[in-house]
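Colleague: I would like to go through this model with you, one feature after another. Where shall we begin?

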Amino acid sequence: MQQSPTKGNTITGSGTGNLKISATVGDGVRWAGVSESNNFENSVMVYKIQHQSGQEVMSDAKFMVYTKEAAVPASNKEPFPPKSKDQAYWFMSAEIIDKGTENYTVHFAVFNRPKNGPQTLYGYFKWDPAIEVKG
């Protein structure tokens with residue numbers, strides 16, 4: 001199991017709505033949303049990162065989609081031997097370009113699936129973390 005790349009970079013607020021992380025010039029930052037059902041019944045899509053105050057330490061965030069091969073179960077009844085299948089991964093991505101502290105807003109949409117029907121938009125939300133760059 002790999003350690004989360006942000007685990008050692010948390011300054012304050014780990015697991016809270018008041019997250020503040022540290023970074024270094026040249027680092028990349030990615031934001032992706034995961035619901036309480038791991039995007040199975042409800043899903044989250046991050047769609048915009050917006051500067052709010054402080055020094056602008058990040059480049060403009062861009063929406064990215066990568067398709068990579070992933071292991072999937074052999075069938076609905078048996079996981080082995082696994083098969084390979086292309087899987088799409090999406091996230092917002094930015095580069096750390098300067099020193100300072102930036103307060104920014106993460107905009108995201110939440111979708112839900114009522115009674116096993118199609119997913120529908122539940123609402124738009126935002127979150128306001130910060131990033132501190134020292135070097």
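Modeller: With a pocket, keeping in mind that the model is predicted. The second largest pocket holds about 420 Å³ of space.

Colleague: Which residues are closest to the centre of the second largest pocket?

Modeller: The lining of this pocket has 14 residues. Those closest to its centre are Asn 39, Gln 87, Ala 88, Tyr 89 and Trp 90.

Colleague: Which strand gives the largest share of the lining of the second largest pocket?

Modeller: Strand 3, strand 5 and strand 6 each supply at least two residues of the lining. By class, the lining has 8 nonpolar, 4 polar and 2 charged residues. The largest share is 5 residues, and it comes from strand 6.

Colleague: Asn 39 came up at the pocket centre. Is Asn 39 buried, partly exposed or exposed?

Modeller: Asn 39 sits in the loop between strand 3 and strand 4. Its phi is positive, about 65°, although Asn 39 is not a glycine. Most residues other than glycine have a negative phi. With a relative accessibility of 25%, Asn 39 is partly exposed.

Colleague: What is the relative accessible area of Asn 38?

Modeller: Asn 38 is in the loop between strand 3 (28–31) and strand 4 (43–54). Phi of Asn 38 is also positive, near 60°. Asn 38 counts as exposed because exposed means over 50%, and its relative accessible area is 60%.

Colleague: Where is the cis peptide bond?

Modeller: Most peptide bonds are trans. Here, one with omega of about -10° is cis. Its proline lies in the loop between strand 5 (62–72) and strand 6 (83–95). The cis bond joins Phe 80 and Pro 81.

Colleague: Which strand gives the most to the largest nonpolar core?

Modeller: Of the 18 residues in this core, those that touch the most other members are Trp 31, Val 46, Ile 49, Met 58, Ile 96, Tyr 104 and Ile 131. Strand 2, strand 3, strand 4, strand 6, strand 7 and strand 9 each supply at least two core residues. The strand that gives the most, with 4 residues, is strand 7.

Colleague: Which residues does Val 46 touch, leaving out those up to four places away in sequence?

Modeller: Val 46 is one of the core residues that touch the most other members. Beyond four places in sequence, Val 46 touches Trp 31, Ala 32, Gly 33, Phe 63, Met 92, Val 106, His 107 and Phe 108.

Colleague: Where does pLDDT stay under 50?

Modeller: The chain averages a pLDDT of 90, and 95% of the residues score at least 70. The stretch under 50 has 1 contact beyond four places in sequence. That stretch is residues 1–6.

Note on methods:
Residues are numbered from 1 along each chain as its sequence is written. This is a predicted model: local features need pLDDT of at least 70, side-chain atom pairs count only at pLDDT 80 or more; totals for chains, interfaces and linings use all residues. Side-chain values use heavy atoms; hydrogens and water are left out. pLDDT is the predictor's confidence in each residue, from 0 to 100. Contact means heavy atoms within 4.5 Å. Buried means under 20% relative accessible area, exposed over 50%, partly exposed in between (1.4 Å probe, protein chains only). A nonpolar core is a set of buried Ala, Val, Leu, Ile, Met, Phe, Trp, Tyr and Cys residues joined through side-chain atoms within 4.5 Å. On a 1 Å grid over the protein atoms alone, a cavity is a set of points where a 1.4 Å probe fits but cannot get out, and a pocket is an open set with protein on both sides within 12 Å along at least five of seven lines; lining residues have an atom within 4 Å of a point. Grid points are joined across faces, edges and corners, and a volume is the space filled by probe spheres set on the points. Ala, Val, Leu, Ile, Met, Phe, Trp, Tyr, Cys and Pro count as nonpolar, Asp, Glu, Lys and Arg as charged, and the others, Gly among them, as polar.
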